[in-house]
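Here is a short set of exercises to work through with the model open beside you. Try each task before you read its solution.

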Amino acid sequence: MTDRAEALRERLLATFRMEADEHLRGLATDLEAITSDSGAGAAERLERIFRAMHTLKGAARSVGIAEFEAAAHRCESVIEELVRKEGAPDAGRLRLLQDAVDVLAAFVAGSVGAERLAAVGNVAAAAPAAAPVPAAAGTGERLAPAAARA
């Protein structure tokens, strides 16, 4: 990659990190609110959560982070299932999503690698109630600034 292309990629990744962090904070807040009060506002929050996850998926695709995109897509499927279901959202699936958001945020912060995102995606795809996100020591590529990778 040329220096110019690398500089552009770094700017795009920096923008992705900033926007992803903002969306992930909102997701965490909305998921916590639904967990503590699954009343009438839950459906509206779930719609907002779905839109935020969809935005994250597209943003990851635009900067070429396939693992993040795949994990977000699988989480999106879990959210879609919760949106379609009538009644109070399933606590196990909400916990699954909270764990997934934590891992996505850790990836954006550069503290876990891409292989951890694959684990999030695999768990979310199966979506068993109350399934924890598997703990794994990250050794894959991390989304960290170039200076931190050097």
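**Exercise 1. Decide whether E44 is buried, partly exposed or exposed, then do the same for R48.**

Step 1. Relative accessible area sorts residues into buried (under 20%), exposed (over 50%) and partly exposed (in between), using a 1.4 Å probe and protein chains only. E44 has a relative accessible area of 56%, so it is exposed. R48 counts as partly exposed because its relative accessibility is 31%.

Step 2. Now look at how the two meet: E44 forms a salt bridge with R48, and their closest N and O atoms are 3.8 Å apart. Such a bridge needs a side-chain nitrogen of Lys or Arg within 4 Å of a carboxyl oxygen of Asp or Glu.

Step 3. E44 and R48 are four residues apart in helix 2, which means about one helical turn separates them. Helices here are DSSP runs (H or I, at least four residues), numbered from the N terminus.

A word on the model: it is predicted, so local features need pLDDT of at least 70 and side-chain atom pairs count only at pLDDT 80 or more, while totals for chains, interfaces and linings use all residues. Residues are numbered from 1 along each chain as its sequence is written, and side-chain values use heavy atoms, with hydrogens and water left out.

**Exercise 2. Find which residues of helix 2 are buried, and work out how they are arranged around its axis.**

Step 1. Helix 2 covers residues 41-62, 22 residues in total. From first C-alpha to last it reaches 32 Å, close to the 32 Å expected at 1.5 Å a residue (the expected span is 1.5 Å times one less than the number of residues).

Step 2. Its buried residues are A42, L46, I49, A52, M53, L56, K57 and A60. Viewed down the axis, they fall within an arc of 145 degrees, so they line one face of the helix; the arc is taken from the directions from the axis to the C-beta atoms.

Step 3. That buried set packs against helix 1, helix 3 and helix 4, with contact meaning heavy atoms within 4.5 Å. Turned away from the buried side are the exposed residues A43, E44, R51, R61 and S62.

**Exercise 3. Which residue forms a salt bridge with K57, and where does the partner lie?**

Step 1. The partner is E76, with the closest N and O atoms 2.8 Å apart.

Step 2. This bridge links distant parts of the chain: K57 sits in helix 2 and E76 in helix 3, 19 residues apart.

Step 3. Both K57 and E76 are buried. A search of the whole structure finds eight salt bridges.

**Exercise 4. Describe the aromatic pairs of the structure.**

Step 1. The whole structure holds two aromatic pairs. Rings of Phe, Tyr and Trp (its six-membered ring) pair if their centres lie within 6.5 Å; planes under 30 degrees apart are stacked, over 60 edge-to-face and the rest tilted.

Step 2. F16 and F68 have ring centres 5.2 Å apart and planes at 85 degrees, so this pair is edge-to-face. It joins F16 in helix 1 (residues 3-36) to F68 in helix 3 (residues 66-84), 52 residues apart.

Step 3. F68 and F107 form a tilted pair, 6.1 Å centre to centre with 45 degrees between the planes. Here F68 in helix 3 meets F107 in helix 4, 39 residues away.

Step 4. Put together, ring pairs link F16, F68 and F107 into a cluster.

Technical notes: Helix = DSSP H or I, 4+ residues; strand = E, 2+ residues; numbered from the N terminus.
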